[in-house]
Amino acid sequence: MKITETIAAIASSSGHSGIGIIRISGEEAIEVADRIFKAYKKGKMLKDVESHTAHFGYIMDGEQVLDEVLVLVLKGPHSYTGEDTVEIDCHGGALILKKVLDLVIRNGARTAEPGEFTKRAFLNGKMDLSQAEAVMDLINSQNDFALNSSINQLRGDVSEAVRQIRSDILYHIAFIESALDDPEHISLDGYDEQITKMLDENTKKVKRLIDTFDNGRRMKEGIKTVILGKPNAGKSSLLNLMLGEERAIVTDIEGTTRDTLEENINLGELSLKIIDTAGIRSTDDKVEQIGVQKAKKMAEEADLILFVMDGSKQIDENDREILHLIQGRQAVILINKMDMELVTSEEDVKKISDCDVILFSAKEGLGMELLEEKIKEKFYSGKVTYNNQVYITNSRHKEALDNAYESLIQVGQSVQAGMPEDFYSIDLMSAYSELGLILGESVEDDLVNEIFSKFCMGK
Ligand code: GDP
């Protein structure tokens with residue numbers, strides 16, 4: 001692909017809004033804009049203006065005025081993509097934006113692929129791959145944590161943590177290489193001690209980053225939660241209660257169709273991703289309908305299980321089966337319908353299960369705070385904190401860190417086993433490369449394309 005091709009897209013959301021933005025980027029961005037822009041000030045051409053300036057005028061399709069606009073000119077390399085960029089602030093109607101974009105395309109740009117602006121920013125060295133990924137995360141953020149961690153990642157804190165580790169490793173790769181090349185001047189005596197110290201420090205750092213992943217993912221995407229229970233126990237009432245909580249923000253997950261199976265719920269500080277909400281709603285025959293096998297599978301994939309029991313009924317075989325299924329898992333058992341006379345008590349359940357048990361009423365909204373507390377205890381030792389620790393929230397990064405960790409451990413074992421130093425280099429090198437993947441060094445084109453294809457249009 002010729003990177004200098006000029007691309008264009010609607011960069012704002014393309015519904016009806018006050019302002020809609022068309023972004024053009026590439027070698028001919030300014031030329032293309034000049035072909036369709038008539039400045040309010042007679043004779044002014046965009047090619048003659050200073051970078052980072054705004055210009056009022058009209059978008060002209062031949063003699064016809066399409067829109068009254070403000071045009072921003074941002075000359076490379078000081079633009080998002082690193083290339084010459086023009087942003088046209090139009091009025092925000094879907095039809096206007098489409099017409100202006102069509103006009104831009106007819107005048108020499110081509111439609112940008114999803115994520116192509118950010119991909120160019122990456123390819124032009126304006127940001128590394130982890131920062132580019134943070135752009136997408138930022139746009140898709142569903143809660144404060146996701147927003148916070150993606151902003152930090154965009155500002156480069158994941159990159160910085162990785163760079164520091166890489167720079168330590170690189171020093172040792174270079175040192176070993178030089179010593180082997182020039183044994184007369186560079187001695188490897190006592191070197192094992194030095195490298196052991198470096199390995200201790202850096203395996204710890206890598207491990208610390210890896211350890212943030214589960215919590216990071218849960219906070220970013222929500223704790224994967226399934227609601228299980230017999231027909232009529234109150235599962236959909238619980239779901240509705242959580243959805244209807246004043247503090248809850250309900251968002252459809254992007255990219256899913258009408259029959260959304262997951263729902264993101266922010267409950268106070270907690271973010272839950274409730275799985276199979278369509279199933280909960282569409283049937284009053286949950287467990288029987290999905291079958292214990294499927295319930296088992298769902299439970300296995302979930303971080304958290306909420307088991308709703310009908311407290312106005314006796315515990316039966318079906319309940320026992322589910323209790324057995326969730327044994328040893330992160331689960332909260334809700335004895336529902338506490339507003340009625342309870343036939344099943346907390347003690348009855350505790351006798352046959354080690355899971356947390358609370359009394360609940362989905363109808364009256366009783367027990368919600370206790371439920372929140374229990375969840376916080378399970379996942380965040382009681383307190384959700386958004387400190388400024390570096391969090392790994394991207395599974396691609398986690399995988400690279402896992403591999404780098406393995407390689408560093410391998411070096412340590414070679415040192416212990418008294419292997420020759422050139423053995424160390426091989427594994428040091430692979431740790432170095434793995435970490436480089438996070439920053440986007442030597443990643444395959446296919447992977448780059450895949451990552452950016454997940455972006456939305458115009459970004
Ligand atoms: P599901 O089949 O498990 O989804 O159960 P539903 O949420 O549809 O509830 C079944 C019935 O129990 C409905 O008539 C609800 O109004 C009722 N119900 C649910 N939760 C409570 C509760 O806490 N107290 C009382 N009294 N009734 C409840």
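The exercises below, each with a worked solution, concern a predicted model.

**Exercise 1. The open sheet**

Task: Work out the order in which the 7 strands of the open sheet are arranged, and decide which strands stand at its edges and why one side of each is left without a neighbour.

Solution: Begin with the order, which reads S3-S4-S5-S6-S2-S1-S7, and note that the pairing in this open sheet is mixed. Next, look at the two ends of that order, where strand S3 (37-39) and strand S7 (110-111) each have a single partner strand, so that one side of each is left without a neighbour in the sheet. Finally, add the helix that packs on these strands: helix H2 (residues 94-106) lies across strand S1 (7-10), strand S2 (17-25), S4, S5, strand S6 (85-92) and S7, and H2 runs at about 150 degrees to S6.

**Exercise 2. From S4 through S5 to S6**

Task: Determine in which sense, parallel or antiparallel, S4 and S5 pair and over how many bridges, and then do likewise for S5 and S6.

Solution: As background, strands of a sheet pair through backbone hydrogen bonds, either parallel or antiparallel. Strand S4 (residues 53-61) and strand S5 (residues 64-74) take the antiparallel sense, with 9 bridges between them. Two pairs of residues can be followed along this pairing: His55 has Val71 in S5 as its bridge partner, while Asp61 stands opposite Gln64 of S5. The hairpin of S4 and S5 has 2 residues between the strands, and within this hairpin Gly62 takes a positive phi near 65 degrees. On moving to the next pair, S5 and S6 are again found in the antiparallel sense, over 5 bridges, and here Val73 has Val86 in S6 as its bridge partner.

**Exercise 3. Unusual backbone geometry**

Task: Locate the cis peptide bond that involves Pro77, and state where His52, which has a positive phi although it is not a glycine, is placed.

Solution: The background is that most residues other than glycine have a negative phi, and most peptide bonds are trans. The cis bond joins Gly76 and Pro77, with omega about 5 degrees, and Pro77 is found in the loop between S5 and S6. His52, for its part, has a phi of about 55 degrees and is placed in the loop between S3 and S4. With a relative accessible area of 49%, His52 is classed as partly exposed, because the exposed class requires over 50%.

**Exercise 4. The surroundings of the ligand**

Task: Establish how many residues surround the ligand and which are the closest, and then identify which helix gives the most to the shell.

Solution: The ligand is surrounded by 16 residues, and the closest are Asn232, Lys235, Ser236, Ser237 and Asp339. Helix H8 (residues 235-244) gives the most to this shell, with 3 residues. Asn232 is placed in the loop between strand S8 (223-229) and H8; Asn232 has a positive phi of about 70 degrees although it is not a glycine, and its relative accessible area of 52% makes it exposed.

Turn then to individual atoms of the protein that lie by oxygen atoms of the ligand. A polar side-chain atom of Ser237 is 2.6 Å from a ligand oxygen, a polar backbone atom of Gly234 is 2.9 Å from a ligand oxygen, and a backbone N or O atom of Ala362 is 3.0 Å from a ligand oxygen. As for area, the ligand taken alone exposes 570 Å², of which the protein buries 77%.

**Exercise 5. Ser361 and Leu371**

Task: Decide whether Ser361 is buried or exposed, do likewise for Leu371, and describe what each residue touches beyond four places away in sequence.

Solution: Ser361 is placed in the loop between strand S14 (356-359) and H13, and its relative accessibility of 0% means that it counts as buried. A polar atom of the Ser361 side chain lies 2.9 Å from the backbone nitrogen of Glu364. Farther along the sequence than four places, Ser361 touches Asn336, Lys337, Met338, Asp339 and Leu366.

Leu371 is found in helix H13 (residues 368-380), and at 1% relative accessibility Leu371 also counts as buried. With residues up to four places away in sequence left out, Leu371 touches Leu306, Val332, Leu334, Ile358 and Phe360. As a last step, compare sequence with space: Leu371 and Val357 are 14 residues apart in sequence, and their C-alpha atoms are 9.4 Å apart.

Technical notes: Residues numbered from 1 in each chain as written. Predicted model: local features only at pLDDT ≥ 70, side-chain atom pairs only at ≥ 80, totals over all residues. Heavy atoms only, no water. Pairing = 2+ DSSP bridges. Helix = DSSP H or I, 4+ residues; strand = E, 2+ residues; numbered from the N terminus. Contact = heavy atoms within 4.5 Å. Axes fitted to C-alpha atoms, helices over the stretch in contact; angles between N-to-C directions. Buried < 20%, exposed > 50% of the residue type's maximum accessible area, 1.4 Å probe, protein only. Near = heavy atom within 4 Å. Polar contact = N/O pair within 3.5 Å; in protein donor to acceptor, adjacent residues only side chain to side chain. Areas by Shrake-Rupley, 256 points an atom, 1.4 Å probe, with all protein chains shown as cover.
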